[in-house]
Amino acid sequence: KKIERERVFLGDLPELSVQILELCRERGRVTIAEIAKVTGTSRNTIKVHVTALTEQGHLTRHGAGRGTWYSLV
């Protein structure tokens with residue numbers, strides 16, 4: 001049941017947001033720079049998606065400035 005709920009949840013997100021969550025699941029924690037390197041997407045676009053995922057309660061922000069990293073909630 002949990003897997004089915006997760007599929008529905010992931011289906012509602014943009015592709016980049018899904019990629020960010022998958023990266024976070026694989027690595028445990030990610031930075032904006034790591035996401036940019038893996039996806040080839042601009043930092044500003046990634047920031048928009050990460051901010052939205054954080055506000056929706058999917059990611060947790062740790063630190064500030066250059067040392068900021070994100071993990072799954």
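**Around Arg 25, helix H2 and Thr 68**

Colleague: Good to see this one! What is the relative accessible area of Arg 25?

Modeller: First, this is a predicted model: local features need pLDDT of at least 70, side-chain atom pairs count only at pLDDT 80 or more, and totals for chains, interfaces and linings use all residues. Residues are numbered from 1 along each chain as its sequence is written, and side-chain values use heavy atoms, with hydrogens and water left out. By relative accessible area, buried means under 20%, exposed over 50%, and partly exposed in between (1.4 Å probe, protein chains only). Arg 25 is partly exposed, its value being 39%.

Colleague: Thanks! With which residue does Arg 25 form a salt bridge?

Modeller: A salt bridge here is a side-chain nitrogen of Lys or Arg within 4 Å of a carboxyl oxygen of Asp or Glu, and the whole structure has one. The closest N and O atoms of this pair are 2.8 Å apart. Both residues lie in helix H2 (residues 15–27), three residues apart, about one turn of the helix. The partner, itself partly exposed at 29%, is Glu 22.

Colleague: How far apart are the end C-alpha atoms of H2?

Modeller: Helices are DSSP runs of H or I with at least four residues, and strands are runs of E with at least two, numbered from the N terminus. The expected span is 1.5 Å times one less than the number of residues, so the 13 residues of H2 should span 18 Å. The model agrees, with the end C-alpha atoms apart by 18 Å.

Colleague: Nice. Which residues of H2 are buried?

Modeller: The salt-bridge pair is not among them, as Arg 25 and Glu 22 are both partly exposed. The buried residues are Leu 16, Ser 17, Val 18, Ile 20, Leu 21, Leu 23 and Cys 24.

Colleague: Let's move to the loop between strand S1 (59–62) and strand S2 (69–72). Is Thr 68 buried or exposed?

Modeller: Thr 68 sits in that loop. Contact means heavy atoms within 4.5 Å, and, leaving aside residues up to four places away in sequence, Thr 68 touches Thr 31, Arg 61, His 62 and Gly 63. Its relative accessibility is 9%, so Thr 68 counts as buried.

Colleague: And which residue has its backbone oxygen 2.8 Å from a polar atom of the Thr 68 side chain?

Modeller: The oxygen belongs to the backbone, whereas the other atom is in the side chain of Thr 68. The residue that supplies this backbone oxygen is Gly 65.

Conventions
A polar contact is a pair of N or O atoms within 3.5 Å; within protein, one must be able to donate a hydrogen and the other to accept it, and residues adjacent in sequence count only if both atoms are side-chain atoms.
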